[in-house]
Amino acid sequence: MPVIIIRDDITRVQADAIVNAANSSLLGGGGVDGAIHRAAGPQLLAECRTLGGCPTGEARITKGYRLPAKFVIHTVGPVWHGGNQGEPEQLASCYRRSLELAQMHCCGTVAFPLISAGVYGYPKDQALRVAMDTIRECAPEDMTVYMVIFDHDAALLSRALYEDITEYIDDRYARRHEKMFARRKEANLGQIFAAPMFKADHSAPEAFPMSEACMDCEDTVCGGAFGADTDLDTLLSNLDEGFSVTLLQLIDRRGMSDAQCYKRANIDRKLFSKIRSDAHYRPSKPTALAFAIALELDLEQTADLLRRAGYALSPSSKFDVIVEYFIRRGEYDIMRINEALFAFDQPLLAG
Ligand code: AR6
């Protein structure tokens with residue numbers, strides 16, 4: 001049941017069904033409704049006329065006509081009256097009913113806009129939260145759901161909600177960059193500097209040249225288990241377990257089933273099977289991190305798992321700093337992390 005947030009115009013999304021934020025007449029309107037009717041052509045309106053409307057919180061299905069989607073599911077969101085008039089329940093019902101219809105029509109992929117978050121005035125951040133929570137609760141396991149955020153919404157989406165993350169980013173990322181450039185200027189080294197993320201047994205300086213960083217612990221030169229004179233054969237025969245093997249061991253150690261783990265990671269079953277059956281599988285960094293989140297690894301364990309896939313957490317990457325923020329706080333809800341990553345224009349975990 002992966003949920004993927006994308007930035008697009010929903011009329012262009014290739015899914016089995018797209019969802020329309022309609023009004024109760026189902027006879028068209030502005031916003032996403034207008035865009036869908038324009039793109040689908042007049043036959044859509046003709047079919048809608050036969051449906052006899054739709055109450056708030058319910059959904060109806062039609063064909064997609066000229067749209068790339070096979071079906072359009074029309075649902076009627078609540079008008080925002082401050083949030084105490086049953087709006088969250090009605091909005092959740094829109095997603096639930098739409099997913100039920102999609103399942104009844106054997107849709108493997110469904111795309112939603114941010115229902116009620118335009119003309120109907122629902123605050124966008126709260127609308128997104130209801131959407132994500134309901135989709136996660138109700139979407140069938142074998143369905144992929146896209147939350148389609150329109151371009152101009154994305155900018156509005158909730159930097160305010162993530163004030164604390166913004167501060168953290170400023171701390172870990174922006175200031176580091178300032179310091180780094182100041183030092184580079186001073187020393188005129190022409191080298192990239194990075195501060196250590198994790199301390200090993202060494203006294204860690206504030207910053208050090210990356211070229212001298214130990215690959216093993218991300219810290220200053222530590223020598224590692226083997227000396228400089230160790231021959232290549234010895235080094236190669238002492239390779240660490242790779243990502244896949246370590247992942248499977250961690251799943252066992254956590255007492256989780258494979259399915260529990262890949263679902264929590266928002267990873268689909270096919271990709272997990274690939275990882276499982278290939279001891280040398282090299283996942284993307286967002287996939288590796290998604291598993292670290294699913295397994296609730298702390299920062300050091302996360303760094304270790306990433307290293308086995310050939311990656312590190314870097315204070316120079318906004319993506320990494322945001323994920324690190326959640327790990328440090330012990331918050332391992334991948335949907336929340338993805339919402340935050342989306343708000344900061346970063347790639348998402350897993351999807
Ligand atoms: N693709 C994706 N999202 C879009 C698109 C698009 N092409 N166009 C708009 N959005 P709204 P509502 C976003 O107003 O609040 C209509 O007149 C938009 O930015 O379309 O449920 C109906 O007939 C916003 O975030 O729907 C109803 O009368 C979200 O889609 C009424 O508006 C929903 O905005 C329904 O209002």
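**The ligand and its pocket**

The lining of the second largest pocket is made up of 13 nonpolar, eight polar and six charged residues. The model in which this pocket appears is a predicted one. Within the second largest pocket there is about 540 Å³ of space. Its lining comprises 27 residues, among which A21, G31, V32, D33 and G118 are the closest to the centre. Strand 2, helix 1 and helix 5 are the elements that contribute two or more residues to this lining. Helix 1 provides the largest share, namely five residues.

This second largest pocket is where the ligand sits. The shell around the ligand can be described in similar terms. A total of 24 residues surround the ligand, and those that come nearest are G30, V32, D33, V119 and D153. By character, the residues of this shell divide into eleven nonpolar, eight polar and five charged. At least two residues of the shell come from each of strand 2 (17-22), helix 1 (31-40) and helix 5 (151-156). Helix 1 gives the most to the shell, with four residues.

Individual polar contacts may now be considered. On the side-chain side, a polar atom of N23 lies 2.8 Å from an oxygen atom of the ligand. The backbone also takes part: a polar backbone atom of V119 is 2.8 Å from an oxygen atom of the ligand, and a polar backbone atom of Y120 is 3.0 Å from an oxygen atom of the ligand. These pairs count as polar contacts because the N or O atoms concerned lie within 3.5 Å of each other. How much of the ligand's surface does the protein bury? Taken alone, the ligand exposes 690 Å², and the protein buries 93% of that area.

Taken together, the pocket and the ligand shell both draw on helix 1, which supplies five residues to the pocket lining and four to the shell around the ligand. V119 appears both among the residues nearest the ligand and in a polar contact through its backbone.

Definitions and conventions
Residues numbered from 1 in each chain as written. Predicted model: local features only at pLDDT ≥ 70, side-chain atom pairs only at ≥ 80, totals over all residues. Heavy atoms only, no water. Near = heavy atom within 4 Å. Polar contact = N/O pair within 3.5 Å; in protein donor to acceptor, adjacent residues only side chain to side chain. Areas by Shrake-Rupley, 256 points an atom, 1.4 Å probe, with all protein chains shown as cover. 1 Å grid on protein atoms, 1.4 Å probe; cavity = no way out; pocket = protein on both sides within 12 Å on 5 of 7 lines; lining within 4 Å. Sits in = over half its atoms within 2 Å of the grid points. Nonpolar A, V, L, I, M, F, W, Y, C, P; charged D, E, K, R; others polar. Points joined across faces, edges and corners; volume = space filled by probe spheres on them.
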